[in-house]
Amino acid sequence: MAPEKLPPGQAQASGPPPLTLCLFCLQLVMTKQLQARRLDGIDHNPWVEFVKLASEADVVNLGQGFPDFPPPDFAVEAFQHAVSGDFMLNQYTKAFGYPPLTKILASFFGKLLGQDIDPLKNVLVTVGAYGALFTAFQALVDEGDEVIIIEPFFDCYEPMTLMAGGRPVFVSLKPSPNQDGELDSSSSWQLDPTELASKFTSRTKALILNTPNNPLGKVFSRAELELVASLCQQHDVVCITDEVYQWLVYDGCQHVSIATLPGMWERTLTIGSAGKTFSATGWKVGWVLGPDSLLKHLRTMHQNSIFHCPTQAQAAVAQSFEREQLHFGQPSSYFVQLPQAIQRCRDHMIQSLKSVGLRPVIPQGSYFLITDISEFKSKMPNLPGAADEPYDRRFVKWMIKNKGLMAIPVSIFCSVPHQKLFDHYIRFCFMKVKDRPGGGKTSSSLPMPPAGVGRGVGPICVGAG
Ligand SMILES: Cc1ncc(COP(=O)(O)O)c(C=O)c1O
């Protein structure tokens with residue numbers, strides 16, 4: 001049979017291309033720089049190493065931030081309903097959010113933020129709060145823009161700034177010395193107002209706030225937020241506020257959204273997470289709320305990257321918020337029950353850490369606390385590890401190997417120049433109730449998670465301190 005005629009200019013396609021051409025192509029591919037320049041300096045992430053260590057047998061993981069108990073029954077049922085009900089929930093939904101979800105987020109948060117929120121203009125649903133942060137940074141931060149980051153900080157803020165071409169500018173929360181022998185509180189970690197003011201320049205585009213803060217558990221007070229707000233207004237800066245732990249506040253503390261302060265709604269993006277809200281981090285549904293003047297740029301970014309988030313997870317989150325709206329402020333509300341249960345877990349962990357001679361910093365929010373390991377540092381200064389490796393990282397590796405217990409070194413939540421300042425703290429997550437030591441290498445003299453897992457609303461911390 002005659003070979004098929006090829007259009008003019010195209011080579012005969014039968015058989016492999018000549019070897020020389022193959023080698024030529026291969027060489028071209030191999031000599032090209034593969035990694036995009038925006039990844040320079042962020043391609044090593046210490047989390048990878050610690051998460052791998054945590055996955056080893058017999059390690060009690062009190063480091064990573066996710067609950068080890070089920071979401072509330074109403075949320076699980078909502079998800080089951082989304083999967084087995086309307087088959088159209090298997091298909092794409094509206095790009096900027098499944099309409100019942102954007103509607104309930106608008107009405108629920110509209111009341112909290114004191115704004116008339118338009119579901120189409122002021123709400124964007126994203127792949128978790130991570131997705132919201134990424135979209136915000138990409139949409140707003142330009143080459144050379146400065147972004148103020150308060151440290152210790154949720155570690156993705158720095159690479160997200162860099163990937164957008166921005167320049168991170170760090171300002172540290174510092175503990176005020178405690179004279180009276182009492183345990184430190186995260187509320188005594190403060191920003192120096194003069195130092196904070198000095199970080200604002202004509203290039204400052206955004207400030208990223210995280211309240212309640214990860215890893216410290218600090219809940220920013222109204223007065224602290226007023227300071228941040230006035231500087232943002234004075235220097236015409238956007239505030240990106242990560243409030244994923246807003247329901248997890250303790251000791252009667254109030255979470256204040258900076259967007260509620262006078263003049264702030266117009267320059268604030270408020271970020272939330274259904275994963276943290278309903279103890280379902282695997283669902284990866286998040287959102288951003290804000291004025292249309294900011295959100296329209298995030299929509300452009302979202303439209304050209306993620307485009308749609310999974311519909312069924314959004315439907316489950318919508319139904320869960322509808323339920324919470326009906327129970328809001330009542331004892332039956334998950335947002336009331338969860339912090340009460342988790343506060344008992346926090347208190348139990350504080351007692352356990354104290355009983356082994358550690359000095360935890362009492363958090364007012366989130367599900368993390370940090371604890372001071374200075375005493376270990378002075379008693380065991382020469383733990384194995386690279387000479388330039390911050391002490392807290394060497395300590396955590398030692399603890400995993402010798403005690404079968406995993407925490408997260410706090411220096412990984414800090415900028416490189418400031419890591420030494422924070423290398424005598426490690427972070428624990430107290431949203432853990434299931435893992436019980438007793439087997440393997442775990443020492444019973446080390447902090448133990450509370451016993452008991454509750455059904456329905458989450459953990460019931462039997463025997464919590
Ligand atoms: C402060 C903070 N923001 C955002 C996230 C990410 O949330 P999501 O799982 O919804 O992407 C986390 C997760 O640990 C977090 O701690």
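**Figure 1. Lys 284 meets the ligand.** In this predicted model, an N or O atom in the side chain of Lys 284 lies 2.6 Å from an oxygen atom of the ligand. Asp 242 also takes part: an N or O atom of its side chain is 2.6 Å from a nitrogen atom of the ligand. Asn 214 adds another pair. An N or O atom of the Asn 214 side chain is 2.9 Å from a ligand oxygen atom. How much of the ligand does the protein bury? On its own the ligand exposes 400 Å², and the protein buries 92% of that area.

**Figure 2. The shell around the ligand.** The ligand sits in the largest pocket. Among the residues that surround the ligand are Gly 128, Ala 129 and Tyr 130. Phe 154, Asn 210, Val 244, Tyr 245, Ser 273 and Lys 276 are also part of this surrounding group. So are Asn 214, Asp 242 and Lys 284, the residues shown in the previous view. Which helix gives the largest share of the shell? Helix H5, residues 128–140, does, with 3 residues. Sorted by class, the shell holds 5 nonpolar residues, 4 polar ones and 3 charged ones.

**Figure 3. A cis bond at Asn 214 and Pro 215.** Asn 214 appears again here. The peptide bond that joins Asn 214 to Pro 215 is cis. Its omega angle is about 20 degrees. Where is Pro 215 found? Pro 215 belongs to the loop that runs between strand S7 (204–210) and helix H8 (222–234). Asn 214 is also one of the residues around the ligand.

**Figure 4. A cis bond at Glu 151 and Pro 152.** Glu 151 and Pro 152 are linked by a cis peptide bond. Omega is about 0 degrees for this bond. Pro 152 is placed in the loop between strand S3 (146–151) and helix H6 (157–163).

**Figure 5. Asp 251 has a positive phi.** Asp 251 is a residue other than glycine, and its phi is near 60 degrees, a positive value. Which strands does its loop lie between? The loop holding Asp 251 lies between strand S8 (238–242) and strand S9 (268–273). Asp 251 counts as partly exposed because its relative accessible area is 43%, and partly exposed residues fall between the 20% and 50% cut-offs.

**Figure 6. Phe 307 has a positive phi.** Phi is near 70 degrees at Phe 307, a positive value in a residue that is not glycine. Phe 307 sits in the loop between helix H10 (292–303) and helix H11 (311–327). Its relative accessible area is 34%, so Phe 307 is partly exposed.

**Figure 7. Thr 268 reaches a backbone oxygen.** Thr 268 is part of strand S9. Is Thr 268 buried or exposed? Its relative accessible area is 0%, so Thr 268 is buried. The side chain of Thr 268 reaches the backbone oxygen of Met 264. The distance for this contact is 2.6 Å.

**Figure 8. Gly 65 and Arg 427.** Gly 65 and Arg 427 are 362 residues apart along the chain. How many Å separate their C-alpha atoms? The separation is 9.9 Å. Gly 65 is found in the loop between strand S1 (60–61) and helix H3 (73–84). Why does Gly 65 count as buried? Its relative accessibility is 18%, and buried means under 20%.

Notes: Residues numbered from 1 in each chain as written. Predicted model: local features only at pLDDT ≥ 70, side-chain atom pairs only at ≥ 80, totals over all residues. Heavy atoms only, no water. Near = heavy atom within 4 Å. Polar contact = N/O pair within 3.5 Å; in protein donor to acceptor, adjacent residues only side chain to side chain. Areas by Shrake-Rupley, 256 points an atom, 1.4 Å probe, with all protein chains shown as cover. 1 Å grid on protein atoms, 1.4 Å probe; cavity = no way out; pocket = protein on both sides within 12 Å on 5 of 7 lines; lining within 4 Å. Sits in = over half its atoms within 2 Å of the grid points. Helix = DSSP H or I, 4+ residues; strand = E, 2+ residues; numbered from the N terminus. Nonpolar A, V, L, I, M, F, W, Y, C, P; charged D, E, K, R; others polar. Buried < 20%, exposed > 50% of the residue type's maximum accessible area, 1.4 Å probe, protein only.
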